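Student: I have a structure open and would like to test some labels against their definitions. Could we go through them together?

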Amino acid sequence: MDAITEQYGIGIPYNFDAYVSAGRGIMAGLGTQLFELGRICLVIKEHEGHGRFQEAVESIGVAPRFAQKCMAAVVKFESSEGRKLIGARLTSSKLMELLAEDDEELEALASGGSIAGKTLDEIDRMSVRELRAALREEKKARAEDRESHEAILQRKDKKLNDLASKNRSQGKAPLRKKVEDRIAEINELALAHLSSGDTLRQALLDLNEVVEESGETLDADLDDQITGHITAIQTLVTNLAEIAGV
C-alpha cells in the first residue's frame, strides 16, 4: 500500500470505483464528515491524473473547489495533535473559515491561545457568521498595524538618508551609503509586496465565498490559473530566502 493511501485512506487498498462509491456514500450524510471526504479525494487525486480526478469528483457529486477545500482541511487539521483537536471541536463550516490562518496561529489556538481575539471555546460557541466577522475585523487591524509599521520604517529611512548625507559631507566610506540605499529600496519593495499579499489573500477568500454561494463548479482552467499563481509566488519566496540566506 502506498504512503498516501496508508496515511489518508479508508482502510482498503486503492480502487477507483471503490473510492468513488465510498465518496458518494459520505455525500449522502456529509455533515461533519468533511474529513472523510477529504481523505477519499486525496487518495483518488494521488492515483489519478487531473481529468480522471475531475471525473471522480463530479461522480461523487461535489464541486471541484469544494473537494480542494476538503483535502486542504485534512492536510491542515490532521498534521499535528494541536490542529487535530481543533478539527474535532469545530464544525466543518468553521474549519473552512480557519483554513487561511497560519499553522502557528492554529497551534497557539489549540494550546489555549486565540485567533482574532477568540479562544477555541469561544469560537466553538460562535456562529459561522460571527467567526467570519471576527476574522475580517482581525485582518483590518493587521492592515492598520502594517500601516503604522510602514510609517515607522519611513521615519527610519529618513534618518538613514539624513545620516548618509552627513557621512558624505564628512568624507565617510562610500560602502555604507551604497548599502543603505539598497536597504531603503528593499524596505519599500517589501512593504509593497506585503500589502499586495493581504489583498490577494482577501481576493482568494472572496472567490471561495462567491463559488460556494453560487453552488456551481469552478471551471478546471480557472482553478488551474489560481494554482499556477500560488505556485509561482511560493517559488519566488523560496528563491528570495535562498538569496538572503534565511
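**Labels and their reasons**

Tutor: Gladly! Let's start with glutamate 150, which counts as partly exposed at 31% relative accessibility. Keep in mind that this is a predicted model.

Student: Why is glutamate 150 called partly exposed?

Tutor: Buried means under 20% and exposed means over 50%, with partly exposed in between. Glutamate 150 has 31% relative accessibility, so it counts as partly exposed. Its place is in helix α10, residues 128-169.

Student: Which residues gather with Glu150 in a patch of negative charge?

Tutor: Glu137, Glu144, Asp145 and Glu147 gather with Glu150 in that surface patch. Members of a patch need over 30% relative accessible area and no salt bridge. Glutamate 150 has 31%.

Student: What makes glutamate 97 and arginine 132 a salt bridge?

Tutor: The criterion is a side-chain nitrogen of Lys or Arg within 4 Å of a carboxyl oxygen of Asp or Glu. For glutamate 97 and arginine 132 the N to O distance is 2.8 Å, and the pair is a salt bridge. Glutamate 97 sits in helix α7 (residues 92-98) and arginine 132 in helix α10, so the bridge ties together parts 35 residues apart in sequence. Arginine 132 is partly exposed, its relative accessible area being 23%.

Student: How many salt bridges does the structure hold?

Tutor: There are 14 salt bridges in the structure. Another of them pairs glutamate 101 with arginine 142, at 3.9 Å from N to O.

Student: How do you know that glutamate 101 and arginine 142 meet in a salt bridge?

Tutor: The limit is within 4 Å, and the N to O distance of this pair is 3.9 Å. Glutamate 101 lies in the loop between α7 and α8 (103-110), while arginine 142 belongs to helix α10, so the two tie together parts 41 residues apart in sequence.

Student: What are the labels for glutamate 101 and arginine 142, buried or partly exposed?

Tutor: Buried asks for under 20%. Glutamate 101 has a relative accessible area of 4%, so it is buried. Arginine 142 has 29%, so it is partly exposed.

Student: Which glutamate forms a salt bridge with arginine 142 at 2.6 Å?

Tutor: That is glutamate 105, with 2.6 Å between the closest N and O atoms. This bridge links distant parts of the chain, as arginine 142 is in helix α10 and glutamate 105 is in helix α8, 37 residues apart. Glutamate 105 has 24% relative accessibility and so counts as partly exposed.

Student: What joins Lys76, Arg83, Asp103 and Glu107 into one network?

Tutor: Salt bridges that share partners join those four residues.

Student: What makes α5 mostly covered?

Tutor: Ten of the 14 residues in α5 are buried. Among them are Pro64, Ala67, Cys70, Met71, Val74 and Phe77, along with Lys76.

Student: How do the reach and the expected span of helix α5 compare, and what are they?

Tutor: Helix α5 covers residues 64-77, and from first C-alpha to last it reaches 20 Å, close to the 20 Å expected at 1.5 Å a residue. You can repeat the check on helix α12, residues 220-244: its 25 residues reach 36 Å, close to the expected 36 Å. Just after α12, glycine 245 takes a positive phi of about 70 degrees.

Student: Which residue other than glycine has a positive phi, near 55 degrees?

Tutor: Alanine 116 has that phi value. Its place is the loop between α8 and α9 (120-125). With 17% relative accessibility, set against the limit of under 20%, alanine 116 counts as buried.

Student: Why is valine 179 called partly exposed?

Tutor: Its relative accessibility is 41%, so valine 179 falls between the two limits and counts as partly exposed. Valine 179 lies in helix α11, residues 174-214. Together with Leu175 and Ile183, Val179 forms a nonpolar surface patch with about 270 Å² of accessible area.

Student: What about histidine 50, and how is it labelled?

Tutor: Histidine 50 is partly exposed, with a relative accessible area of 38%, and its place is in helix α4 (residues 50-60). Its C-alpha and that of alanine 88 are separated by 31 Å, at 38 residues apart along the chain. For arginine 142 and aspartate 198, 56 residues apart along the chain, the C-alpha separation is 9.4 Å.

Notes:
Residues are numbered from 1 along each chain as its sequence is written. This is a predicted model: local features need pLDDT of at least 70, side-chain atom pairs count only at pLDDT 80 or more; totals for chains, interfaces and linings use all residues. Side-chain values use heavy atoms; hydrogens and water are left out. Patches are made of residues with over 30% relative accessible area and no salt bridge: like charges are joined within 9 Å, nonpolar side chains (Val, Leu, Ile, Met, Phe, Trp, Tyr) within 5 Å. Accessible areas come from the Shrake-Rupley method with a 1.4 Å probe; for residues, only the protein chains shown count as cover. Lys and Arg count as positive and Asp and Glu as negative; His and the chain ends are not counted. The place of a charge is taken as NZ of Lys, CZ of Arg, CG of Asp or CD of Glu. Helices (H or I, at least four residues) and strands (E, at least two) are DSSP runs, numbered from the N terminus. Buried means under 20% relative accessible area, exposed over 50%, partly exposed in between (1.4 Å probe, protein chains only). The expected span of a helix is 1.5 Å times one less than its number of residues.
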